[in-house]
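Colleague: I'm new to this one, so could you show it to me and let me ask about it piece by piece?

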Amino acid sequence: MRILIIDDETLIRQSLKYISELRGYQTWTAGTGEEGLSLWKSCQPDIVFLDLILPDQNGFKVMEQQPHPAQIIMMSAYAQYKEEAKKRKANLFLIKPFENIFQTFDQVLQELRPNAGSELNL
């Protein structure tokens with residue numbers, strides 16, 4: 001499985017990348033929407049962890065430009081955007097900060113396997 005992490009917070013990117021690679025997945029990271037879209041096009045990920053607030057554009061704008069279909073996990077500290085993310089077809093919405101990032105990552109993958117389009121309340 002190929003995973004792309006687009007988040008401007010270095011700790012989030014590094015933590016999710018570490019866990020993803022520990023689980024045996026190919027993983028790429030980006031700190032901006034533009035960099036993320038470029039990687040999305042070249043690596044064609046199966047899953048994209050996408051931050052809502054990025055330095056150059058918001059995650060919704062990145063979703064609109066996705067160059068390759070993927071399951072999208074929108075992430076934000078702003079829980080009020082959960083319904084908007086759902087309307088825009090994000091598969092899951094994660095509220096930051098994560099209480100246990102290892103558990104959160106594993107739960108996300110479990111949620112995505114049986115039925116895309118669910119929502120995870122963490």
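Colleague: Which residues of helix H2 are buried?
Modeller: This is a predicted model, where local features need pLDDT of at least 70, side-chain atom pairs count only at pLDDT 80 or more, and totals for chains, interfaces and linings use all residues. Residues are numbered from 1 along each chain as its sequence is written, and side-chain values use heavy atoms, with hydrogens and water left out. Buried means under 20% relative accessible area, exposed over 50%, and partly exposed in between, with a 1.4 Å probe and protein chains only. In H2, which spans residues 33-43, the buried ones are Gly33, Gly36, Leu37, Trp40 and Cys43.

Colleague: Over what arc around the axis do they lie?
Modeller: Helices (H or I, at least four residues) and strands (E, at least two) are DSSP runs, numbered from the N terminus. The arc is taken from the directions from the helix axis to the C-beta atoms. The buried residues sit on the same side of H2, because they cover an arc of only 150°.

Colleague: And which residues are exposed on the other side of H2?
Modeller: The buried side has its cover, which includes strands S1 (2-6), S2 (26-30), S3 (47-51) and S4 (71-76) as well as helix H3 (59-64). On the other side, the exposed residues are Glu34, Lys41 and Ser42.

Colleague: Leucine 37 is in H2, so what does it contact beyond its neighbours within four places in sequence?
Modeller: Leucine 37 has a relative accessible area of 13%, so it counts as buried. Its C-alpha atom is separated by 9.1 Å from that of methionine 63, which is 26 residues away along the chain. Contact means heavy atoms within 4.5 Å. With those sequence neighbours left aside, leucine 37 touches Gln57, Val62, Gln65, Gln66 and Pro67.

Colleague: What is phi at the residue that follows H2?
Modeller: That residue is glutamine 44, in the loop between H2 and S3. At 37% relative accessibility, glutamine 44 is partly exposed. Although glutamine 44 is not a glycine, its phi is positive, about 45°.

Colleague: How many aromatic pairs are there, and which residues do ring pairs link into a cluster?
Modeller: Rings of Phe, Tyr and Trp (its six-membered ring) pair if their centres lie within 6.5 Å; planes under 30 degrees apart count as stacked, over 60 as edge-to-face and the rest as tilted. The whole structure has 5 aromatic pairs. Tyrosine 25 and phenylalanine 105 make a tilted one, because their centres are 6.4 Å apart and their planes are at 45°. Ring pairs make a cluster of Tyr25, Phe49 and Phe105.

Colleague: How many salt bridges are there, and which residue pairs with aspartate 46?
Modeller: A salt bridge is a side-chain nitrogen of Lys or Arg within 4 Å of a carboxyl oxygen of Asp or Glu. The count comes to 8. Aspartate 46 is in the loop between H2 and S3 and its partner is in strand S1, so the bridge ties together parts 44 residues apart in sequence. At 3.6 Å, N to O, that partner is arginine 2.

Colleague: Are the partners in the lysine 96 and aspartate 51 bridge buried or exposed?
Modeller: The side chains of lysine 96 and aspartate 51 meet at 3.1 Å, N to O. Lysine 96 lies in the loop between strand S5 (92-95) and H5 and aspartate 51 in S3, so the bridge ties parts that are 45 residues apart in sequence. With relative accessible areas of 7% for lysine 96 and 3% for aspartate 51, both are buried.

Colleague: What is omega for the peptide bond from lysine 96 to proline 97?
Modeller: Proline 97 is in the loop between S5 and H5. The bond is cis, with omega near -5°.

Colleague: Last one: where is lysine 89, and what is its phi?
Modeller: Lysine 89 sits in the loop between helix H4 (82-87) and S5. At 65% relative accessibility, lysine 89 counts as exposed. Its phi is positive, in a residue other than glycine, and near 75°.
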